[in-house]
Amino acid sequence: MLRPQDTSTRERKSLTGLWEFRLDPTRAGRSARWFADSLPDAVRAPVPASYNDVFADATVRDHVGDVWYQTTARVPRGWEGRRVVLRFDSATHRAVVWVGDTKVAEHEGGYTPFEADVTSLLAPGDEVRITAVVNNELSFQSIPPGIVEDTPQGLRQLYFHDFFNYAGLHRAVWLYATPTTYVSDVTVVTDRHGSTGLVRYAVQSSGDADHTVQVTLRDAEGRTVATGDGAGGELSVGDAHLWAPGDGYLYELEVELVDAEGATLDSYLQTVGIRTVEVRGIQFLINGEPFYFKGFGKHEDSAVRGKGYDDAFLVHDFALLDWIGANSFRTSHYPYADEVYDYADREGVVILDEVAAVGQNVELAGGIFGGKSYVTFSPETVNDVSREVHAQAIRELVARDKNHPSVVLWSIANEPESQTPESREYFEPLFALTRELDPTRPVGFANFALASHGKCLVSDLGDVLMLNRYYGWYVNTGDLVAAEQAWQTELEAWATEGKPIIITEYGADTVAGLHSVAPVPWTEEYQVEYLEMNHRVFDRVDAVVGEHVWNFADFATMSGVRRVDGNKKGVFTRDRRPKAAAHLLRRRWTRDA
Ligand code: BDP
């Protein structure tokens with residue numbers, strides 16, 4: 001799905017700011033048609049932000065069900081005769097949207113954009129009312145899954161993943177205008193032959209006007225390096241400046257729709273990083289060079305705004321990644337805001353891009369979160385309907401992120417049950433789908449400790465083995481000697497598979513400022529020794545091609561006896577101050593720099 005842009009033929013108007021907002025605990029608003037007028041009894045809430053923590057009110061924080069957002073916007077007068085689109089960069093976890101009294105969009109899934117052509121509903125110069133009902137309920141048919149319990153005290157949301165169920169309008173909302181004949185999709189795939197870069201492109205367009213497609217590829221200085229005609233083709237770039245980790249060199253492809261007189265009907269700008277990605281034997285190659293992933297599993301998480309996108313945190317987090325010597329991260333456990341990928345493209349930071357399928361493992365959750373016991377994959381729990389929701393989430397992820405050079409792998413789940421025949425049956429078509437949607441990137445999923453080597457029935461479907469392991473934390477707690485041996489044994493077993501292994505999680509909860517002479521769990525010293533132990537193990541196994549510490553920063557979770565004010569496995573605190581482990585990682589990750 002294309003982004004809203006300002007180009008010679010397109011304009012966009014951001015609708016971020018304070019919106020009218022209210023909870024709907026009795027789910028009255030839909031039948032009472034709250035969209036049809038000013039939202040009754042509303043307060044003001046920021047967009048983008050999770051609504052949960054901005055009010056000093058536990059009722060808002062723990063609300064289960066519908067909330068309503070409403071704003072009014074003036075349609076620019078210059079948009080006469082244009083196609084006007086309303087776009088939400090996300091609504092967590094689902095939304096219905098009205099313009100005036102007319103329902104224009106409905107979307108399932110909290111982390112990908114959706115939009116509606118609203119041209120016929122507005123007149124340039126007029127003010128228009130935009131209303132969204134956003135629902136945060138998780139069920140076995142949502143990604144991620146959960147269970148809403150109807151208790152005498154009200155609805156209670158249970159879920160099987162370890163981050164707070166933040167909800168609301170987490171990202172920008174836009175009105176944008178395009179010509180009525182317009183570019184509707186662009187796909188770019190890059191390759192190289194010797195020093196020549198190849199850019200294969202495919203353009204889709206819509207609208208009535210006769211047109212042809214012209215493309216112009218410019219380098220970072222704006223010089224034209226190749227041109228092409230037609231809706232698809234291949235451009236050659238002599239002596240190409242490749243996109244590479246640490247060198248986010250970008251070309252720009254201008255896609256134009258041109259009429260018979262040669263006038264430009266529409267112009268869309270697509271950044272292009274020329275690079276290749278390939279798994280060969282136990283290596284992960286970027287531009288034919290073995291790549292070693294150094295970095296983190298992250299979260300979109302910060303105080304007050306929750307999962308709300310924030311430019312300052314974006315720039316700061318990338319500055320910290322650079323400071324510490326990280327070259328990559330995983331968008332655990334859901335697709336992040338578009339801006340994150342744009343920034344990674346420009347900074348030359350590598351991304352493992354993950355869909356929001358986290359917690360399809362109720363056995364694990366039962367143990368960790370004290371929930372009831374369920375069977376993960378069954379007609380009553382994660383079933384065919386869930387799989388279609390999951391498939392759609394993968395389609396939307398690939399459609400949104402396919403052109404980002406930073407994205408080098410699709411991660412289609414985090415720690416699902418994967419040791420049962422039912423899990424294999426569930427995942428086989430999803431791997432096939434992802435490869436069909438994008439044959440150019442490896443596909444994987446983050447494997448969970450219970451599905452250890454020899455037990456996991458899904459890992460062989462992936463191109464890369466992605467392991468989340470907590471030897472020395474959840475097992476062998478405090479005993480790093482035993483942990484080192486057990487970890488080494490398991491890793492050597494995985495190495496016999498002949499595939500590259502990325503350690504996608506390893507980490508220890510650490511309270512910043514807690515110290516001890518002896519390496520006692522929860523202290524900063526223990527986190528350091530824990531990481532050092534892991535690194536010794538990784539360095540002894542050739543198939544290990546990457547290490548992503550869990551987590552970049554402390555983050556909010558649901559309450560529980562194992563969580564003190566959230567998950568403390570951050571190498572940085574929630575407000576991004578380094579723990580001692582940050583200095584250790586910086587030494588390790590910058591030593592060859
Ligand atoms: C793994 C999960 C991650 C958790 C982490 C932990 O993938 O989401 O936060 O463990 O327990 O199981 O800290």
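A cavity is a set of grid points where a 1.4 Å probe fits but cannot get out. Keep that in mind as you work through this predicted model.

**Exercise 1. Explore the second largest cavity: how much space lies in it, and which residues line it?**

Step 1. Start with the volume: the second largest cavity holds about 40 Å³ of space.

Step 2. Now look at its walls. The lining is made of G444, F445, N447, S459, G462, V464, L465, M466 and L467.

Step 3. Sort those residues by class, and you get 5 nonpolar, 4 polar and no charged residues.

Step 4. Finally, find the elements. Strand 27 (443-447) and strand 28 (465-468) each supply at least two residues of this lining.

**Exercise 2. Move on to the largest cavity: which helix gives the most to its lining?**

Step 1. Searching the whole structure turns up 3 cavities of 30 Å³ or more. In the largest cavity there is about 210 Å³ of space.

Step 2. Its lining has 18 residues, and K298, E300, F313, L314 and D317 lie nearest the centre.

Step 3. Helix 2 (residues 311-324) is the answer, giving 4 residues to the lining.

Step 4. By class, that lining splits into 7 nonpolar, 4 polar and 7 charged residues.

**Exercise 3. Describe the largest pocket: what is its volume, and which elements help line it?**

Step 1. The volume comes to about 680 Å³.

Step 2. There are 34 lining residues, with R3, P4, Q5, Y268 and D342 closest to the centre of the pocket.

Step 3. Strand 13 (182-193), strand 19 (264-272), helix 3 (338-347) and helix 5 (384-401) are the elements giving two or more residues. Helix 3 gives the most, with 5 residues.

Step 4. Sorted by class, the lining has 12 nonpolar, 6 polar and 16 charged residues.

**Exercise 4. Look around the ligand: which residues come nearest, and how much of its accessible area does the protein cover?**

Step 1. The ligand has 13 residues around it, and D162, H333, E415, Y474 and K569 come nearest.

Step 2. Class by class, the shell has 4 nonpolar, 4 polar and 5 charged residues.

Step 3. Next, check side-chain N or O atoms against oxygen atoms of the ligand. N414 has one 2.8 Å from a ligand oxygen, for W550 the distance is 3.0 Å, and for Y470 it is 3.5 Å.

Step 4. On its own, the ligand has 320 Å² of accessible area, and the protein covers 94% of that.

**Exercise 5. Zoom out: where do the domains fall along the chain?**

Step 1. The domain assignment gives domain 1 (11-178), domain 2 (182-275) and domain 3 (278-589).

Step 2. Between the C-alpha centres of domain 1 and domain 2, the distance is 35 Å.

Note on methods:
Residues numbered from 1 in each chain as written. Predicted model: local features only at pLDDT ≥ 70, side-chain atom pairs only at ≥ 80, totals over all residues. Heavy atoms only, no water. Near = heavy atom within 4 Å. Polar contact = N/O pair within 3.5 Å; in protein donor to acceptor, adjacent residues only side chain to side chain. Areas by Shrake-Rupley, 256 points an atom, 1.4 Å probe, with all protein chains shown as cover. Nonpolar A, V, L, I, M, F, W, Y, C, P; charged D, E, K, R; others polar. Domains from an automatic or database assignment. 1 Å grid on protein atoms, 1.4 Å probe; cavity = no way out; pocket = protein on both sides within 12 Å on 5 of 7 lines; lining within 4 Å. Points joined across faces, edges and corners; volume = space filled by probe spheres on them.
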